[in-house]
Amino acid sequence: MAALIAENFRFLSLFFKSKDVMIFNGLVALGTVGSEELFSVVAFNCPCSPARNYIYGLAAIGVPALALFLIGVIWNNHTWNLVAECHKRGTKNFSAAATFLLFGSIMGRASVAPITWSVISLLRGEAYICALSEFVKPSSLDKFPAEYGAEVLAKFPCRDVPANLTKFRDEVTRRLRYESQLFGWLLIGIVAVLIFLTKCLKHCCSPLSYRQEAYWAQYRSNEDKLFRRTAEIHSRILAAKNVKQFFGFVALDKEEKELVQEFPVEGVQPSPQWNAITGVYIYRENKGFPLYSRLHKWAKGVEGNGPTPEGHELLFLAS
């Protein structure tokens, strides 16, 4: 138990530090596996009652998967960029292909954890056995006593059965575990094929060369790091000035005093500037020169959001 909890804390630590998409998805999958194991140990408890087994078993697989999916949507920056885009500018500048690409990116990233949860649940088999044990036809079991029905079959996951039904319980459990694991492996295969086809389609349709796409990824990462770091320092210095104006002094440590002296902050950026750099960004070029982000576009003084004679949208979304 302690090992599982420690594993999840390590996962969370790496989760918030990771920026790379593959590492991010791998960490999400790893954390989901650890969480599913923890859930199975401390939370899963089949009621072994007709009609309740089915609901409980499906809920054990589906409800956490749904919650993980919604969390994935919430934590995806594209989600809130889309909300900002719709709020500030609407979707009139988005083509159908761009909209599909954006939603595909959000749904695909958010699906990593729920698919992992579903796969692990199916491979373990407990929830599947709990949900479907009562639906096994007694006639499919050789020499199954006629006096027993769904009520006894529903108790098979809990091993609370008469001694003369032990071999039937083992057969039903083995059969359902086989089906559950088969569905799990099929799901893994389907997802692997879809990922392969998606990656092939992405690289075939990309307007960028491999090296330029790698450069764009490096630029986005560096811009985000520098923007967040600078915004944190800027907000701290501005807060210090406002606190000093209110109290007449401000209690700063040595590092903060050096920051205040080194970086004079005169004011805040107006709302139009914040709106200009906020929202969904799809790769564009202006007069043949790439614009790698909304901030880059704003810095170059390029106006507008849609295709123009000088600038055109190439329908390629940052991953």
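This short presentation covers one helix pair, one buried loop residue and the salt bridges of the structure.

Colleagues, the structure is a predicted model, in which local features need pLDDT of at least 70 and side-chain atom pairs count only at pLDDT 80 or more, while totals for chains, interfaces and linings use all residues. Residues are numbered from 1 along each chain as its sequence is written, and side-chain values use heavy atoms, with hydrogens and water left out.

I begin with the helix pair. Helix H3, residues 52–75, packs against helix H6, residues 112–124, at an angle of about 160°, and their axes are 8 Å apart. Helices here are DSSP runs of H or I with at least four residues, numbered from the N terminus. Axes are lines fitted to C-alpha atoms over the stretch in contact, and angles run from 0 to 180 degrees between N-to-C directions. H3 and H6 are therefore roughly antiparallel, a term applied to angles over 145 degrees. On the H3 side, the contact (heavy atoms within 4.5 Å) involves Ala60, Ile61, Pro64, Ala65, Leu68 and Phe69. Their counterparts in H6 are Ala113, Pro114, Trp117, Ser118, Ser121 and Leu122. Of the residues in this contact, ten are nonpolar, two are polar and none is charged. In this classification Ala, Val, Leu, Ile, Met, Phe, Trp, Tyr, Cys and Pro are nonpolar, Asp, Glu, Lys and Arg are charged, and the others, Gly among them, are polar.

I turn now to the loop. Ser133 lies between helix H7 (126–132) and helix H8 (150–153). With a relative accessible area of 1%, Ser133 is buried; buried means under 20%, exposed over 50%, and partly exposed in between, using a 1.4 Å probe and protein chains only. Leaving aside residues up to four places away in sequence, Ser133 touches Asn53, Leu153, Ala154, Pro157 and Leu176. Ser133 and Arg175 are 42 residues apart in sequence, yet 9.7 Å apart in space, C-alpha to C-alpha.

Arg175 leads us to the salt bridges. The whole structure holds six of them, each a side-chain nitrogen of Lys or Arg within 4 Å of a carboxyl oxygen of Asp or Glu. Arg175 pairs with Glu171 at 3.3 Å, N to O. Both residues lie in helix H9 (residues 166–205), four residues apart, about one turn of the helix. Glu171 is partly exposed at 26%, and Arg175 is partly exposed at 26%. Another bridge joins Arg169 and Asp170 at 3.2 Å, N to O. There, Arg169 is buried at 9%, whereas Asp170 is partly exposed at 32%.

Methods: Helices (H or I, at least four residues) and strands (E, at least two) are DSSP runs, numbered from the N terminus. Angles under 35 degrees count as roughly parallel, over 145 as roughly antiparallel, 65 to 115 as roughly perpendicular and the rest as oblique.
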